[in-house]
Each structure stands twice: as structure tokens, then as C-alpha cells.
Amino acid sequence: MRKHLYSVLDVKDDTSYLSKVYNIGNIFLTLISILPLLSHQQTQTLVMIETVAIVFFVIDYILRFITADIKFEHKKPVVAFLTYPFTPYAIIDMLAILPFLTVLNQSLRLFRLFRLSRSFRIFRTFRVFRYSKSFALLKRTVVKQKDSLILVGGLTLAYIFIAALLVFNIEPETFPTFLEALYWSTASVTTVAYGATYPISLTGQLFSMLSYIVGVIIIALPTSVITAGYIKEIENEKENKLNNNEMFKEEVE
């Protein structure tokens with residue numbers, strides 16, 4: 001019984017109608033639970049929406065807790081139950097639920113302390129990622145391309161530092177501190193320069209033009225790496241599904 005419940009909660013079986021219904025319902029309630037965050041005035045409708053969503057989140061949290069030993073099957077049951085509340089998604093779920101305690105009894109001063117955690121309700125938006133296959137695909141892409149991304153990130157940081165060092169020495173009047181030069185180089189490389197500070201000498205302006213061009217190239221590098229890896233992951237997934245279908249047909253025959 002609990003194993004079947006766990007398969008529904010974690011959507012292990014893509015062909016299960018119950019899993020799909022639960023998945024869609026969870027995403028829907030997660031999204032509408034954000035509606036109260038869009039208004040400072042909590043109307044009766046918004047409070048009702050939040051109440052329904054929170055009740056569902058609490059039930060979902062309890063069900064996941066009682067199936068923790070199945071999720072962490074390699075651990076002892078006691079250790080699994082003690083470990084689950086400290087897993088990333090469990091913490092996010094708890095942060096989404098905890099602020100709701102502020103509406104239980106406003107006359108109790110103790111509960112007013114929980115108002116400090118009301119802003120944590122924004123964490124419930126991350127619940128959507130648990131049920132997103134596209135996000136899982138993107139996550140695998142980033143993990144597989146991490147070496148290339150680390151290299152690009154290192155080159156970016158190195159260029160920002162070198163560009164800041166050069167402009168700091170080219171125009172000491174415009175950039176009296178290295179932090180200002182670093183701010184300018186970061187803004188120019190990311191191509192979001194606000195124009196608050198900029199080189200005014202001919203040498204500085206020529207260097208700025210070069211920096212802007214390099215910035216466009218640097219920004220394009222991680223995008224192309226992730227895009228290429230993402231497309232490859234999609235193709236691999238399609239190939240795996242095709243192979244599984246062929247194997248299934250052979251077994252049937």
C-alpha cells in the first residue's frame with residue numbers, strides 16, 4: 001500500500017492515471033497558492049485559496065514523510081524518517097507551510113513571531129520544479145556540461161578582473177577605486193551597462209568597445225553549451241523511449 005502511495009507521490013509511473021492526476025493537481029494548487037502573495041489585502045477568497053492549498057501541502061508533506069523509508073530504501077527506517085525533514089524539497093515544503101500559522105490565532109502574541117517567516121511563502125514556487133520533466137532534463141544537462149560551464153565561468157571572471165584592472169589604470173580619474181572599475185567591467189561584460197560611469201579618454205573608449213564585443217561572446221558561450229547539451233538530452237530521451245517500445249513489442253510477440 002505504501003509503495004503504491006510512494007509511486008503516486010513521486011510520479012514513478014508515467015502511464016499511471018492516478019499519478020498524472022496527482023501531478024497536475026499539485027502543480028495547480030502550487031500555482032494558485034501564489035495568488036495571495038500578489039495582494040497586500042487578504043480578502044476572504046484569497047484566504048480560502050490559501051487555506052485549501054496549505055491543507056493539501058500539509059497532507060502531501062505527511063504522506064511523503066510516512067513513505068520516507070521507501071524513498072531512502074538504502075537506509076534504516078528510523079534514519080530515513082529522521083533524514084527526510086532535512087532534505088531540500090522537504091525544507092521548501094515546510095517553509096511554504098509554516099507561515100500559514102500566522103492566521104491560526106491572531107490574539108496569541110506568540111504566533112505573531114511567525115509573521116517574520118511570511119515572506120518565506122515565496123519558496124512554494126520551487127515546488128513546481130519537483131514535477132517538471134523539463135526541469136529534470138535541464139538539470140541533467142547542466143550536470144553533464146558542468147566542466148564546460150565551469151571553464152566558461154572561470155574565463156568570464158578572469159576577463160572581468162583583467163578588464164577592471166586595465167580600465168582602472170587607463171583612467172584613474174574616472175575610476176578612483178578598483179571597486180568602481182570592477183562594477184563597470186561586470187556591467188560591460190554582461191552587456192547591461194547603465195552608463196553611470198564610463199571611460200572618457202580615447203584609449204578608454206576603444207577598450208570599452210572591445211569589452212562590449214567580448215561581453216556578447218562570453219554571454220553567448222554558456223547559452224550555446226546548455227542549448228547543445230539540452231538538445232542532446234532530448235534526443236537521448238527519445239531514443240531511449242523508442243528502444244523501450246521496441247523491447248516491449250518484442251516481449252509481446
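Start by selecting helices α2 and α3, which pack at an angle of about 135° with their axes 9 Å apart. Axes here are lines fitted to C-alpha atoms, for helices over the stretch in contact, and angles run from 0 to 180 degrees between N-to-C directions. The helices themselves (H or I, at least four residues) are DSSP runs, numbered from the N terminus. With that angle α2 is oblique to α3; angles under 35 degrees count as roughly parallel, over 145 as roughly antiparallel, 65 to 115 as roughly perpendicular and the rest as oblique.

A word on what you have open: this is a predicted model, in which local features need pLDDT of at least 70 and side-chain atom pairs count only at pLDDT 80 or more, while totals for chains, interfaces and linings use all residues. Residues are numbered from 1 along each chain as its sequence is written, and side-chain values use heavy atoms, with hydrogens and water left out.

Stay with the first pair and turn on side chains. From α2, show Y22, N26, L29, T30 and I32; from α3, show I49, V52, A53, F56, F57, D60 and R64, which complete the contact (heavy atoms within 4.5 Å). Colour them by class and you will find eight nonpolar, two polar and two charged residues. For this colouring, Ala, Val, Leu, Ile, Met, Phe, Trp, Tyr, Cys and Pro count as nonpolar, Asp, Glu, Lys and Arg as charged, and the others, Gly among them, as polar.

Next, select residues 2-9 for α1 and 17-32 for α2. These two helices pack at an angle of about 50°, with their axes 8 Å apart, and are therefore oblique to each other. Pick out H4, S7, V8 and L9 on α1, and L18, S19 and Y22 on α2, to see the contact. Its residues divide into four nonpolar, three polar and no charged.

Now move to α10 (residues 146-170) and α11 (residues 178-189), whose axes lie 8 Å apart at an angle of about 130°. That pair is therefore oblique too. On the α10 side, the contact includes T156, Y159, I160 and F161; on the α11 side, F178, A181, L182 and W184 are among the residues to show. By class, this contact has 13 nonpolar, three polar and no charged residues.

While you are at α10, select residues 149-170. The unreviewed UniProt entry lists this stretch among those for "transmembrane region"; such annotations may be inferred rather than shown by experiment. Over it the chain is 100% helix and 0% strand, with the end C-alpha atoms 31 Å apart.

Which rings should you finish on? Try F65 and F81, whose centres are 5.6 Å apart and whose planes are at 45°, so the pair is tilted. Rings of Phe, Tyr and Trp (its six-membered ring) pair if their centres lie within 6.5 Å; planes under 30 degrees apart count as stacked, over 60 as edge-to-face and the rest as tilted.
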